[in-house]
Amino acid sequence: MDHSPRRSVAFIGSECHPFVKTGGLGDVMYALPQALNKMNCDVRVILPRYECIPQKYQDKMVYRGEFYMDLGYTGRDYYVGIMEYVCDGIVYDFIDNKEFFDGKKPYSNLVDDIPKYIFFSKAALAALLYMDWIPDVIHCHDWQASLVPLFLRTMFQDSKLNRSKTILTIHNLRFQGVYNVGTIKYWSGLPDYLFNDDVLTQNWSNANMFKGGLSYCDRITTVSPTYAKEIQTSEYGENLEAHLRYHSGKLSGIINGIDCEVFNPASDAMLTANYDINSVLSAKRINKKALQEELGLEVDENKMVLGLISRLTDQKGLDLFNSIIPYLLDGNTQIVVLGTGEKVYEDAFRQFEYDNRGSFSACIQYDEARAHRIYSAADAMLVPSRFEPCGLTQLNAMRYGTIPIVRETGGLKDTVEPYNQYASSGNGFTFDRYEANLFLDAINRAKNLYFTKRDKWNEMIKRDMEKDVSWENSAKVYRDLYLSITN
């Protein structure tokens, strides 16, 4: 039992597994509250009630009330409904308004998303007051919830919420909610004094929602210690590096974890053969054969299978990957790609599959079950990202005994220790500069070990499976942060 003081925490964000998920944010919004709940934290998650949330979850939501709320200079009062869903000890409150949350996808374009998330940020605070649930900490996630600290310290400063502290977590700094000052002022109604270079204004005519939230929150976190340093540089700072250096005293990096119950090769129902650290070597051969048959690859357990599971975007280093594929397909290697994204990469991978039947598989889709089967069957997982705030793919891979080959950036650098042949240590292969030849060299080093010193390779598999990639350690750091700012 955890005997630390109890803290109540409201998570406010735009997505959460299993209701709606487009990336790692959805995983964090689900798994971190679960871990904190076991550490004497009372956690409530506040989300938009998107129309695209599967009906099986919509049907289980319970009506908790409604009210009307003014918004900016629109001259209108907007409906705010509260629908509640309770699962595994966590209360999920969904902000209901079809005018803003209609549509087949959670995100569409900035013209629609700016007013949508301004409404959501203010409505989330108003809903807490309506329910009379006053948290010790309001934990906001990414730009979509970044106006919460500003609303809290202006329009809600005379309410019960004025005692709540705020944390804003940067999951990906590339997306910031930048639009012209007039539009953000119109929808938010925030006072004029916030629209200056120190808070919201950027490049004279624009307002940056993320920048404003970073100014007014009590603490800033991001999802790895290395990324916390990187975003203070011009290479990774996305034009906010000087702002983040100014606020560096309240900035820290806390590495993400993964849900080790969902990603558990011993009980994963999606696998052909389940396994633990004692049976991994034999089970991986079975899973490789099944995956080769499933994807139309040449069935041969002696082939080395390289996996890549990713959004197909420039951020993920796919330009490097594309340029070296011809050098990887040497007759002893097979490649499996799973993901969707930019058309240029989708088309390129389809062409590689067409030209290399039996050696290259392009699964241009989002398929969670197939992703699990690739984790369990592949020998190595490629993550050559240009930048990677944390990265979950390498953590999932290690959990399944699949060796990560990554670029040394962000959370990839924090979680993957390069293999050292002299000390027989390390849990993956890495390269530093963003160059195709260095990526190819890292893969070739891995292939050399795989084909010539399989006993050393197998030792690394077991080191990866022994590594603690759960949320427990990270949740303790967050819990301690909540305690420190609410003493």
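This report describes the overall build of a predicted protein model and then turns to a few of its loop residues.

**Overall build**

The protein, which is a predicted model, contains 18 helices and 18 strands. Its radius of gyration is 23 Å, close to the 23 Å that the globule rule gives for 487 residues, so the protein is as compact as a globular protein of that length. Taken along the principal axes, the box filled by the C-alpha atoms is roughly 70 × 50 × 40 Å. Of the 487 residues, 60% count as buried, and the accessible surface of the protein comes to about 19600 Å², with 47% of that area belonging to carbon and sulfur atoms.

The chain also makes contacts across long stretches of sequence: among contacts between residues at least 6 apart in sequence, 72% join residues that are at least 24 apart. As for charge, the protein carries 53 positive and 63 negative side chains, and the centres of these two sets lie 2 Å apart.

**Backbone details in the loops**

A cis peptide bond, with omega at about 5°, joins His17 and Pro18, and Pro18 is found in the loop between β1 (7–12) and α1 (24–37). Asp132, in the loop between α4 (110–131) and β6 (137–141), has a positive phi near 55° although the residue is not glycine. Asp142, whose place is in the loop between β6 and α5 (148–153), likewise has a positive phi, near 60°, in a residue other than glycine.

The surroundings of these two aspartates can be described through their accessibility. Asp132 has a relative accessibility of 47% and therefore counts as partly exposed, whereas Asp142, with a relative accessible area of 8%, is buried.

**Thr409 and its neighbours**

Thr409 lies in the loop between β17 (403–407) and α15 (410–415), and with a relative accessible area of 0% this residue is buried. The side chain of Thr409 makes a polar contact with the side chain of Glu230, at 3.1 Å. When residues up to four places away in sequence are not counted, Thr409 touches Glu230, Tyr236, Ser385, Arg386, Phe387 and Glu388, so that Glu230 appears both among the residues touched and as the partner in the polar contact.

**Accessibility of the three loop residues**

| Residue | Relative accessible area | Class |
|---|---|---|
| Asp132 | 47% | partly exposed |
| Asp142 | 8% | buried |
| Thr409 | 0% | buried |

Conventions: Residues numbered from 1 in each chain as written. Predicted model: local features only at pLDDT ≥ 70, side-chain atom pairs only at ≥ 80, totals over all residues. Heavy atoms only, no water. Helix = DSSP H or I, 4+ residues; strand = E, 2+ residues; numbered from the N terminus. Rg over C-alpha atoms; globule rule 2.2 N^0.38 Å. Buried < 20%, exposed > 50% of the residue type's maximum accessible area, 1.4 Å probe, protein only. Contact = heavy atoms within 4.5 Å. Areas by Shrake-Rupley, 256 points an atom, 1.4 Å probe, with all protein chains shown as cover. Lys, Arg positive; Asp, Glu negative; His and termini not counted. Charge placed at Lys NZ, Arg CZ, Asp CG, Glu CD. Polar contact = N/O pair within 3.5 Å; in protein donor to acceptor, adjacent residues only side chain to side chain.
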